[in-house]
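Dear colleague,

Please find below the structure I am handing over to you. I should be grateful if you would keep it open while reading the notes that follow it.

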Amino acid sequence: EMLISVALGQVLSLLICGIGLTSKYLSEDFHANTPVFQSFLNYILLFLVYTTTLAVRQGEENLLAILRRRWWKYMILGLIDLEANYLVVKAYQYTTLTSIQLLDCFVIPVVILLSWFFLLIRYKAVHFIGIVVCILGMGCMVGADVLVGRHQGAGENKLVGDLLVLGGATLYGISNVWEEYIIRTLSRVEFLGMIGLFGAFFSGIQLAIMEHKELLKVPWDWQIGLLYVGFSACMFGLYSFMPVVIKKTSATSVNLSLLTADLYSLFCGLFLFHYKFSGLYLLSFFTILIGLVLYSSTSTYIAQDPRVYKQFRNPSGPVVDLPTTAQVEPSVTYTSLGQETEEEPHVRVA
């Protein structure tokens, strides 16, 4: 199971590699700087697949029933998810690639802290050792970039760019932990359907205000159309598959796995963009994988009985006291949490 968890995370990294490569071709070869439009395409796909699925459901899992109970929460989550993507992409105009790679790791402590306080997740010493090893591997990759003189980016206003990266990483962390909470207590389809609904709404507004002129400058042809299709397919696959991996592992594990995405992009760039190679890249890759194996070798646990999560589903209803005849095990792994959630029957109203 440990190897499967690591492999699933690498699938997500490969999808991010595809996102990065198509974005690079669009911005550098065709001068199509349209990050909001690209996000808009992804949210539209999520809307067409998952929001419409919620719309045809009956009972408490219906789209209107969900909106009545939790619309404002998903509205905030949709804004957070949209702006997280926008801030990091925008940072490339101001700061260097090295700074972005380093500061983007800030998402890891954000996820750890939020998981500790809000999801009640507790870590062991081996988890922190694995996290440190992964970050060391990332530092090794940045050092290799400096040694080979890889293109570092614009760096016109470094402070602004660094602040944008930190802001984007913080929003990513909030979004990932919120996503983990939703898919463990509610459902994957509900999360993706609501993200598609509010993401499409807010990105459409932002596109009309901020990016409509850039969109008119795009020299449309079949190559650009194919790149947009490729980007949207990778982005849709990432959003659809990430909840599956988070439920099997955790938001922290997923973000550690995504550290290898830059290395996959680099390996592709060796052939596509003639990047210079350094043995430190291979050292970095295997160091991150070792850190992932260390982190995945031991299960994290929940500080309380996972049944307390169920009280959040219907906060207006009565709180039922748990039976005290049997002693509750305080250390409950994710597998147990998933089973408790799945065993709760779904009530459908005809």
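The notes below deal with helix geometry, aromatic contacts and two buried residues in turn.

Please bear in mind throughout that this is a predicted model.

Helices 3 and 9

Helix 3 covers residues 63–91, which is 29 residues. A straight helix of that length would reach 42 Å at 1.5 Å a residue, yet the end C-alpha atoms of helix 3 are only 36 Å apart. The helix also has a bend of about 85 degrees, located at Arg 70. At the N-terminal end of helix 3, Asn 62 acts as the cap. The contact runs from a side-chain oxygen of Asn 62 to the backbone nitrogen of Leu 64, over 2.9 Å.

Helix 9 has 27 residues, and its span of 39 Å from first to last C-alpha is close to the expected 39 Å. It nevertheless bends by about 30 degrees at Phe 241, and Pro 243 follows within four residues. The N-terminal cap of helix 9 is Asp 221, with a side-chain oxygen 3.1 Å from the backbone nitrogen of Gln 223.

Aromatic contacts

The model holds eleven aromatic pairs. One of them joins Phe 37 and Tyr 228 in an edge-to-face arrangement, with 5.3 Å between the ring centres and 80 degrees between the planes. This pair links distant parts of the chain, as Phe 37 belongs to helix 2 (residues 35–56) and Tyr 228 to helix 9 (residues 222–248), 191 residues apart. Are these two residues buried or exposed? Phe 37 has a relative accessibility of 12% and therefore counts as buried. Tyr 228 is likewise buried, because its relative accessible area is 4%, under the 20% limit.

A further pair is formed by Phe 267 and Phe 285. Their ring centres are 6.1 Å apart and their planes stand at 70 degrees, so this pair is edge-to-face. Phe 267 lies in helix 11 (residues 261–272) and Phe 285 in helix 12 (residues 279–296), and the pair, 18 residues apart, links distant parts of the chain. Phe 285 counts as buried because its relative accessibility is 12%. Ring pairs join Phe 267 and Phe 285 with Tyr 264 and Phe 286 in a cluster.

A ring also takes part in a contact with a charge: the charged end of Arg 122 sits over the ring of Trp 116, at 4.2 Å from the ring centre.

Val 177 and Thr 252

Val 177 is placed in helix 7 (residues 158–185). With a relative accessible area of 5%, Val 177 is buried. Leaving aside residues up to four places away in sequence, Val 177 touches Val 111, Leu 114, Ser 115, Leu 119 and Ala 251. Of these partners, Ser 115 is 62 residues away from Val 177 in sequence, while the C-alpha atoms of the two are 6.4 Å apart in space.

Thr 252 is in helix 10 (residues 251–257). Its relative accessibility is 2%, so Thr 252 counts as buried. Which side chain does Thr 252 join through a polar contact? The partner is Tyr 123, and the contact is 3.0 Å. On the same exclusion of residues up to four places away, Thr 252 touches Val 111, Ile 112, Ser 115, Tyr 123, Ile 131 and Tyr 295. Val 111 and Ser 115 are thus touched by Val 177 and by Thr 252.

Yours sincerely

How values were computed: Residues numbered from 1 in each chain as written. Heavy atoms only, no water. Phe/Tyr/Trp six-rings, centres within 6.5 Å; stacked < 30°, edge-to-face > 60°. Helix = DSSP H or I, 4+ residues; strand = E, 2+ residues; numbered from the N terminus. Buried < 20%, exposed > 50% of the residue type's maximum accessible area, 1.4 Å probe, protein only. Lys NZ or Arg CZ within 6 Å of the ring centre and 35° of its normal. Expected span 1.5 Å × (residues − 1). Bend = angle between axes of the 7 residues up to and from the residue. Polar contact = N/O pair within 3.5 Å; in protein donor to acceptor, adjacent residues only side chain to side chain. Contact = heavy atoms within 4.5 Å.
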